[in-house]
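User: Please take a newcomer through this structure by way of questions and answers.

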Amino acid sequence: MKIGLIGGGNIGKFLLQSINTHKLLEDSKIIGIYTRNPKSAQQLAAEYDTAVFENIESLLQSDVDLVVEAATVEVVKQNASSILSSGKDLVLSSVGALSDLNFIQSLEKICKVNGKKIHLPSGAIGGLDVLKAAKSNGELESVSIITRKPPQALPGAPLDKEQVLFEGSAREAIELFPKNINVSIILSLAGLGPEKTRVKIISDPSIKKNSHCIEAKGSFGDLSIKVENDPMPNNPKTSYLAALSVLSSLKNKDAVIQVG
Ligand SMILES: NC(=O)C1=CN([C@@H]2O[C@H](COP(=O)(O)OP(=O)(O)OC[C@H]3O[C@@H](n4cnc5c(N)ncnc54)[C@H](O)[C@@H]3O)[C@@H](O)[C@H]2O)C=CC1
Ligand SMILES: O=C([O-])CC(=O)C(=O)O
């Protein structure tokens, strides 16, 4: 599989290391990278034996089979349609871009016309399998997530005291914190949608890990799950698990036996 990568930050670099250096994905290679800063793209290309795409157009015209996005919500909003229309599958890190039902439906149409797929990794959380099963008979009643991060990982957080920065729906949460709460949108997509998924974001100076507590209720019973994530070494905002989940999506996307 020939992969094109957008974004060369934490997740992008992890994928370059895992796929091009450590060869963790059989018969696959990241053959080119596009990122905002051309200098850093050149450095990454030299370090990880890949090419540089000067812009999105050259990525679209290339022969990559699949594009992995590891950039921003805005990049997905602006480019997902043209990537799929150009005949490439898409794996997203910035799943927060899919908070709008109309946007999802328009992408779905493009996928069907072009025979392409969008893969959404579970990111920095778990429990999506439970929500999908629980809603299959329409009897999932409530879903909530409490995200607790150190202040360095959150914009506008005080360094000296614990503070609730946000409480509301997943739709509002991703508008206000597009780099911090993608997890609430993948949770919404598996469960009750962005309006009905309740979100609380807490800045906590006493912790080093990013934790996500998910609770759900329905005819199946109750779910309560807590993920305590180590951050990526160079970016406290992003949990290591988020990067691992993108690699895992790539590993499993064509598996003949699907788990979960
Ligand atoms: N689904 C989930 O659970 C999680 C999702 N994320 C999201 O994944 C994405 C990537 O995360 P990180 O690698 O930690 O971010 P990062 O900030 O370390 O790297 C982002 C990269 O995107 C590039 N970029 C920014 N704007 C761009 C543009 N307009 N065009 C091309 N490249 C552009 C930057 O230059 C940088 O190389 C972010 O949107 C982040 O919020 C992060 C953690 C968890
Ligand atoms: O990495 C995390 O713990 C969660 C995160 O940043 C996001 O969902 O955007």
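User: Across which strands does α8 lie, and at about what angle to β7 does α8 run?

Analyst: Helices (H or I, at least four residues) and strands (E, at least two) are DSSP runs, numbered from the N terminus. Contact means heavy atoms within 4.5 Å, and angles, from 0 to 180 degrees, are taken between N-to-C directions of lines fitted to C-alpha atoms, for helices over the stretch in contact. In this predicted model, α8 lies across β7 (140–149), β9 (197–203) and β10, and its angle to β7 is about 165°.

User: On what conventions does the description rest?

Analyst: Residues are numbered from 1 along each chain as its sequence is written, while chains are lettered from A and ligands numbered from 1 in the order written. Side-chain values use heavy atoms, without hydrogens and water, and in this predicted model local features need pLDDT of at least 70, side-chain atom pairs count only at pLDDT 80 or more, and totals for chains, interfaces and linings use all residues.

User: In the five-stranded open sheet, which are the edge strands?

Analyst: Two strands pair if DSSP finds at least two bridges between them. The order is β8-β9-β7-β10-β11, with mixed pairing, and the twist averages 10° from one strand to the next. Pairing on one side only marks the edge strands, β8 (163–169) and β11 (221–229).

User: Which residue is the bridge partner of Ile214 in β11?

Analyst: Strand β10 (residues 210–218) runs antiparallel to β11, and nine bridges join them. Within β11, Ile214 has as its bridge partner Ile225.

User: What is the order of the six strands in the parallel open sheet?

Analyst: Strands β1 (residues 2–6) and β4 (residues 66–69) pair in the parallel sense over four bridges, and Ile3 has Leu66 as its bridge partner in β4. Helix α1 (residues 10–21) lies across β1, β2 (29–34) and β4. The pairing is parallel, in the order β3-β2-β1-β4-β5-β6.

User: How many Å separate the centres of domain 1 and domain 2?

Analyst: The bounds, from an automatic or database domain assignment, give domain 1 (2–120 + 241–252) and domain 2 (128–229). Their contact takes twelve residues from domain 1 and eleven residues from domain 2. Taken over C-alpha atoms, the centres are separated by 25 Å.

User: Which strand and helices each supply at least two residues of the lining of the second largest pocket?

Analyst: A pocket is an open set of points on a 1 Å grid over the protein atoms alone where a 1.4 Å probe fits, with protein on both sides within 12 Å along at least five of seven lines; lining residues have an atom within 4 Å of a point. Domain 1 and domain 2 each give at least three residues to this lining. The elements are β6 (118–119), α6 (128–135), α8 (182–190) and α9 (240–252).
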